[in-house]
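Please study the sequence and the structure shown here before attempting the exercises. Each task is followed by a worked solution.

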Amino acid sequence: MHLAYPAVLAVLLFSVGLYGVLGRRNAILVLMSVELMLNAVNLNLVAFDVWLRDTLHAGQALTLFTITIAAAEIGIGLAIVLLVYRNRGSSDIDKLTDLAETGPAGPDRTGQDGTPDAAADEKAEATA
């Protein structure tokens, strides 16, 4: 079998995964797209291992490590997504702005007219 067939399939899988990571807003779909990208890498590792006729089968060993890391990543990532969904009611990535760290003069500290917002200061003191 030619090396081009699995390589082209891996490129297609990786491209679909990259589109899913960059174009989707749902966190679960982003995690699935990352898994697609990792599977494309696994396909390349095994294909080049067979093509090079490596006696140690290093590509297949690296594939096992990649599968293990992917399983751990999806377990932790899914737990985080479920906690965010339980707290917020949505798994939309664009709505996770509360996790971003802003300085004391950030946009959440001023009112609509640009003056410091006393309610935001009281809220910050109450949570501290």
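The exercises below concern helix geometry, burial and backbone angles.

The model is predicted, so local features need pLDDT of at least 70 and side-chain atom pairs pLDDT 80 or more, while totals for chains, interfaces and linings use all residues. Residues are numbered from 1 along each chain as its sequence is written, and side-chain values use heavy atoms, without hydrogens and water.

**Exercise 1.** Determine what span is expected for helix α1 (residues 4-23).

*Solution.* Step 1: helices are DSSP runs of H or I with at least four residues, numbered from the N terminus. Step 2: the expected span is 1.5 Å times one less than the number of residues. Step 3: for the 20 residues of α1 this gives 28 Å, and the end C-alpha atoms are 28 Å apart, which agrees.

**Exercise 2.** State which residues of α1 are buried (under 20% relative accessible area, 1.4 Å probe, protein chains only; exposed is over 50%, partly exposed in between).

*Solution.* Step 1: the buried residues are P6, A10, G17 and G20. Step 2: they lie on the same side of α1, because they cover an arc of only 85° around the axis, taken from the directions from the axis to the C-beta atoms. Step 3: the buried residues pack against α2 (27-52), with contact meaning heavy atoms within 4.5 Å. Step 4: the face turned away from this side carries the exposed L12, V16, Y19 and L22.

**Exercise 3.** Describe the phi and the accessibility of R53.

*Solution.* Step 1: most residues other than glycine have a negative phi. Step 2: R53 has a positive phi near 55°. Step 3: R53 is found in the loop between α2 and α3 (58-88). Step 4: with a relative accessible area of 72%, R53 is exposed.

Note on methods. Helix = DSSP H or I, 4+ residues; strand = E, 2+ residues; numbered from the N terminus.
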